[in-house]
Amino acid sequence: MIRCLTIALVLAGLLLLPTHLPSCGPFFDTAVFTEKSHPLLSDRDIIQGNLGVVHPTFWRKFLFYAYRHFSGEPLTEAELKLPSSPENPDGAKLWLETRQKITGEPSPRWIDATRRTANYLYYSNCTIEAFQTAAATLTDRAARFGPVREWIAAQDTVFKNCAEGRHIPAPPEPGLPPILKADREYQIAAAHFYSESFDEARRRFQTIAADSSSPWRSIAPYLAARTLIRKAALTAGENQYDTRLMEQAAKELKEIGTGSAQRLARYAALRAEPLESLRGISSQLMDPARHADFHQNLTDFQYLMDRYQPGWAVAGELPEWIATFQNSSLQALEHSIQKYNQTRSLPWLVALISKLDAKHPLASEIAKAASAIPKNSPAFLTLAYHRVRLLLESGEKDPARAELDTLLTSPMPASARNLFRAQRLLLARGFDDFLLLSPRTPVGLTTDYESGLRRPDTTVPLFDADSTVAFNHGLPLSMLERAATDSRLPAHLRSRLAAMTWTRAILLDDHTRARSLSPLLKLPAPKDQFSAAWTILHNPGLTPLLVDGYDRRSLMRLSERDMFRENWWCAAVESGESAVPAPFLTTEERAQLEAEHAKLRARPAAPTWLARIAIAWAAAHPNDPRSPEALHLAVRATRYGCTDKNNGEVSRAAFQLLHRRWPASEWAKKTPYWYNSP
Amino acid sequence: MLAAKRPLILISALVMVVAALSMPRLIPTTQSRVFLWAWERPEDLRFLDPARFGVAFLAATLHLHDGELITSPRRHPLRLGPGTEIIPVVRIETDITPLTAAQLDAVAHHFLRFTDQPNVIAAQIDFDATVSQRPFYRSLVQRLHTQRKLSITALASWCLDDPWIKDLPVIEAVPMLFRMGPESRSIRQRLAGGSDFSLEICRSSYGLSTDESPALVPAGRRLYLFHPQPWTPRALP
């Protein structure tokens, strides 16, 4: 029965495993409170212009959305609707399966479709369409002529070029049926194409195009143009193209006029005539009626903006605005002033105010203009953020505070709310104000492994970095205790604060305060330094420091040992760290904070501190049954805790005392080693 | 600004120490003591002094998923000066689906293909295999080591407390001493305290990143350096 239950539990565990895990790691979630590059916007947000505070660091796609809204041209549902994307089959696999079916013999196990070119890079040489065409043609020819082994051998030769070398099928044998003869000519041309003999391939495709009897005559002009594009891309060097060849290709492809030719013509034109392309695409992107081309336009727009050149502002105001908004130079500021003076438009007001500092002569005038923008404008929050920033920079705290208090009563995206709360935290009037502004709701999750954001599973409030720094370095112990017991904070944050304050109180020898917090943490009330150390030795999760965002350790029991060695803290205050008093502290409170900080700075890492207390206690109290256990726990802390340079010394001392005084104890048996792992 | 420069200064000091000492044992023929990892981004490294620097570049990433293999060959150019020693790197990425014998064949085939380059002194596998994937990895190395001089990247733990790679037929395992997570401090301090990796194959090279404080590099080790942006002359140690 137990065995069945065990198997069931293991199977249940396997079913619950995530389907994708990064192979590197460990990677821990980091909470993101303000989106600065890749906002998590729904289609509804994009259509309604709920963009929050727009930052110049946003990806250009989002800056485009912002520009459309700021220009009074909201995005439409039709534009955002994604076109259905076709399946992306494995072309080589299809060809190999077809080949095996026709011949009845095993095919090669794989075909390498990418080919190495100069500078150690690879490109997709043989495309899915090439393999699909080969498979379809083989099926047809085999139905008409039998196994067509020569045809297959010739096609194998063609595909040998996909990865390397130059392999050309033999000319058609005399007496071949005309269609197979035409096929062979096409195979030879394709082999030249894949082996990068582009001039020869083009000549042959042109010949095929002129052959009215060839079944390949209609596709041949398209392929002849493709040879120009390949040659232009592969022979001119990195990120450069032979524009003459690209122009010729674009011209020929436009004349062909089919769907795939048009797409390839567009590809060539983007590279041959980037400025003209940017002009056209920018214009189309501003026209909601061009929704059918929206996604391709946006993709191509981003491609061109990645290659933006200084003179390209003439391509239109959309690229000009994005390039200027993203640019932090003095020239960009001057350009924004000029454009705003010319247009008095909302996009340029946003660009300008984002670049001004409070000392700029235009700051006041522009802030006033921004304050006239109504609340329902998609730029309202961005402008409000900069108006407050300018007030803060000029030291006008009361108007800034009043502005923020009004703003924070309105609905807004969580990212913007966090940004405004961070501004407001700087203006906290006192402890209560500070406390209520500290918790923030994260808007996304990321890890060191990812570039984007994920939505968090829950929306519990957490502490961001600014309030964490204030708790760790800006408030005296008395205020930390008030925070830890203030019911206006969510219970999970109070609990984190209580553990931090309790440990800090112990380090500061304020056992009275620690005793008052003990019931909250369900910890024994400390009677003296040893009993406090005893409790900490049993609870590796206790720490005098708060961690911002998702504190992974706080999700574990205090008594649980962390497998990633986040046990027993390193230093309550590192040697170079200073106190950062919260602005609302009185002179007395500041002095108290400074004194506490100095005392914490003098404390070593937890394992060293705890081991010294345990050793002193055990040496002085040989009859206390806790003494050998305390020494064992101290050695354990020097193994699993955050260590310092004295770690080996105290570990050995605890180990030796334990084995000398209590050699037969269970604790000595559980302690076979000491640890020198600084 | 100062914080950004500090690791580089430290690395510079370490490299000078390394440069003054003997060559690593396991690849005795290499002239370069420092290999720059050139990852998937455009890199122009023609400014390198080939007497000092070699380049270990990402040649391809092989994605193993649900019984299939998808190859992602290098898509960004790498420019090198004449005489630069190179080590093509093939990264293997997986999900949790079991790995198959067919995938092993395919990985071996593509590894040989993507590491078949001129001026190659060795080929490197970058595969953070999970415990269940270790037999696959072992078979792969057994399959390849007669055809390439194999270097592998290694999690620091593989060189310390979890030495499952100890008998792999490779010329070196490069312990990756960056992006180590919460154990970073402990491992760094352990090395700074004079401890060394227990495995012989882990004692010829160190893998470091320019944006993290480096571990203290013992004498005679080859450095592999990662840089989070494209390399420039200023980023060099």
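**View 1. The exposed face of helix α18 of chain A.** Three exposed residues sit on the face of α18(A) turned away from its buried side: A:Glu365, A:Lys368 and A:Ser371. The model shown here is predicted.

**View 2. The buried face of the same helix, α18(A), residues 363-371.** Its buried residues are A:Ile366, A:Ala367 and A:Ala370. Why do these buried residues line one face of the helix? Seen down the axis of α18(A), they fall within an arc of 100 degrees, so they share that face. An α-helix has 3.6 residues a turn, so residues three or four places apart point the same way. Among the elements covering the buried residues of α18(A) are α17 (346-355) and α19 (380-393) of chain A.

**View 3. Helix α13 of chain A, residues 274-285.** This helix has 12 residues. From first C-alpha to last, α13(A) reaches 16 Å, close to the 16 Å expected at 1.5 Å a residue. Which residues of α13(A) are buried? They are A:Ser277, A:Leu278, A:Ile281, A:Ser282 and A:Leu285. These residues cover an arc of only 125 degrees around the axis, which puts them on the same side of α13(A).

**View 4. The packing partners of α13(A).** The buried residues of α13(A) pack against four helices of chain A: α3 (60-70), α12 (259-272), α14 (294-305) and α15 (317-326).

**View 5. Where the two domains of chain A touch.** Domain 1 of chain A takes in 43-75 + 305-440, and domain 2 covers 91-304. Their C-alpha centres lie 48 Å apart. The contact takes 12 residues from domain 1 of chain A and 14 residues from domain 2 of chain A. Which elements give two or more residues to the domain 1 side? They are α3 and α15 of chain A. Of the elements on this side, α3(A) gives the most, with 3 residues. By class, the side of domain 1 that touches domain 2 has 6 nonpolar, 1 polar and 5 charged residues.

**View 6. The fold of chain B.** Chain B has 4 helices and 11 strands. How much of chain B is buried? Of its 237 residues, 43% are buried. Contacts also link distant parts of the sequence of chain B: among those between residues at least 6 apart, 71% join residues at least 24 apart.

Key. Residues numbered from 1 in each chain as written. Chains lettered and ligands numbered in written order. Predicted model: local features only at pLDDT ≥ 70, side-chain atom pairs only at ≥ 80, totals over all residues. Expected span 1.5 Å × (residues − 1). Buried ≥ 20, exposed ≤ 12 C-beta atoms within 10 Å, placed from the backbone. Arc of directions from axis to C-beta. Contact = placed C-beta atoms within 7 Å. Domains from an automatic or database assignment. Nonpolar A, V, L, I, M, F, W, Y, C, P; charged D, E, K, R; others polar.
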